[in-house]
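Here are some exercises to work through with the structure on your screen. Try each task before you read its solution.

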Amino acid sequence: MLMAIAAGAACFSLSAQAADFSFGVIGQAFMRSDAAAADNALRTALAESDADNLAFVVVNGIKTATEPCTDQLYTQRRDLLEAAQNGVIMSLAANDWVACKNSAGKPAAIERLNQIREMFYDGEMSFGASKLDLMRQSATPKFREYAENARWEIGEILFATINLPAKNNHYRSDGGRNGEYEDRLIANRDWLQRLFAIAKNKKLPGIVLFSDADPLLPLAQRAPELRGQRDGFTEVRQLLSALSGKYAGRVLLVHSQRDPGGARRGIVWSGNLGTLASDPNWSKINVDTARPALFSVVEHKDLPPMSRR
């Protein structure tokens with residue numbers, strides 16, 4: 001098993017042969033417009049998920065769109081994740097870096113992205129007391145910048161984060177080379193191909209991907225104001241669909257993007273490829289390799305008493 005438990009930490013027990021376990025996703029805390037409410041939502045979700053018996057928790061993003069992109073704020077949120085009892089993996093979100101500006105009011109997305117990589121992805125272990133070993137894409141010299149893309153295995157399931165920021169994958173419609181987007185597109189293509197190759201070679205029954213955006217949702221449904229622009233997720237959507245079609249197991253994409261057309265609850269399947277929009281509070285997903293569906297979402301009314309609000 002790829003989990004090292006720190007001394008005195010809350011312990012999640014799982015053997016390599018275990019058929020079922022659960023994990024948590026805190027996906028929409030920082031989609032709230034009010035920074036204080038978002039911070040409180042994150043703290044509450046971490047406390048509630050700590051009270052459960054989870055293999056790990058993935059947190060999508062560390063700030064709201066209105067909070068400053070400062071090292072001080074990043075440090076505060078990093079310390080909060082580190083204080084969790086569960087193993088915590090931070091999945092990068094658009095709010096963390098895409099719209100950031102420097103003190104002169106000029107775009108600072110790339111500088112902030114690099115700073116976050118240094119502060120949150122420096123090392124091969126998760127946050128939290130119950131540490132998980134992670135394999136980062138940055139271990140490959142060609143993609144040494146992309147430490148935010150990480151993978152780990154529990155039981156017979158392959159889990160991975162992938163940097164796909166909402167609304168349009170940081171595709172820039174202004175002139176000139178779209179450097180960050182184009183370079184990350186190459187890295188993400190390699191990452192997805194590598195993940196599916198590992199899962200196929202090991203004959204794993206399932207893959208779970210964590211991202212900010214839902215690349216399978218049509219552009220007009222993700223962000224109506226972007227109609228008429230190039231869809232920044234076209235290549236990722238095509239590749240993910242093609243790879244899933246050749247994979248014998250189930251693929252679950254867990255994202256934090258709201259559907260303007262109406263809230264979709266639960267896992268939405270298209271063949272063996274499913275999408276799950278994380279709950280506004282936090283989501284608990286069960287994994288049972290003995291069941292054909294493999295993944296199921298626990299309703300909040302069925303969560304432990306501390307989580308019943």
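**Exercise 1: Helix H1**

Find the side-chain oxygen of Asp-34 at the start of H1 and work out which backbone nitrogen it reaches.

Solution. Keep in mind that this is a predicted model. At the start of H1, that oxygen of Asp-34 comes to within 3.2 Å of the backbone nitrogen of Ala-36. Next, check the helix length: with 16 residues at 1.5 Å a residue, H1 should span 22 Å, and its end C-alpha atoms are indeed 22 Å apart, so the two agree. Now look for the residues of H1 that are tucked away: Ala-38, Asp-39, Ala-41, Leu-42, Ala-45, Leu-46, Glu-48 and Ser-49 are buried. Their spacing is worth a thought, because in an α-helix, with 3.6 residues a turn, residues three or four places apart point the same way. Finally, ask what lies over the buried residues of H1: the cover includes E2, E3, H2 and E4.

**Exercise 2: The open sheet**

Work out the strand order of the five-stranded open sheet, and say which strands stand at its edges.

Solution. Start with the order, which runs E4-E3-E2-E13-E14, with mixed pairing. Strand E4 (88–91) and strand E14 (295–298) each have a single partner strand, so they stand at the edges and one side of each has no neighbour in the sheet. On average, neighbouring strands here are turned by 25 degrees against each other, direction ignored. Zoom in on E13 (residues 283–288): four bridges join it to E14, and the two run antiparallel. There you'll see Ile-285 opposite Val-297 of E14. Helix H1 (residues 35–50) packs on this sheet, touching E2 (20–26), E3 (57–60) and E4, and its direction makes about 170 degrees with that of E2.

**Exercise 3: The cores**

Which residues have the most contacts inside the largest nonpolar core?

Solution. This core has 31 residues, and the ones to pick out are Ile-26, Leu-46, Leu-81, Met-90 and Phe-120. Then see where the core comes from: H1, E3, helix H2 (71–82), E4 and helix H3 (109–120) each give two or more residues. Click on Met-90, and you'll find Val-59, Leu-81, Ile-116 and Phe-120 among the residues it touches. A second, separate core has 25 residues, including Leu-158, Leu-185, Leu-240 and Leu-273.

**Exercise 4: Strand E10**

How many of the six residues of E10 are buried?

Solution. Five are, so to speak, under cover in strand E10 (residues 250–255). E10 pairs in the parallel sense with E9 (residues 206–210) over five bridges, and Leu-209 has Leu-253 as its bridge partner. E10 also pairs in the parallel sense with E12 (residues 273–277), again over five bridges; there, the partner of Leu-253 is Thr-275.

Note on methods:
Residues numbered from 1 in each chain as written. Predicted model: local features only at pLDDT ≥ 70, side-chain atom pairs only at ≥ 80, totals over all residues. Heavy atoms only, no water. Pairing = 2+ DSSP bridges. Axes fitted to C-alpha atoms, helices over the stretch in contact; angles between N-to-C directions. Contact = heavy atoms within 4.5 Å. Core = buried A, V, L, I, M, F, W, Y, C linked by side-chain atoms within 4.5 Å. Buried < 20%, exposed > 50% of the residue type's maximum accessible area, 1.4 Å probe, protein only. Expected span 1.5 Å × (residues − 1). Polar contact = N/O pair within 3.5 Å; in protein donor to acceptor, adjacent residues only side chain to side chain.
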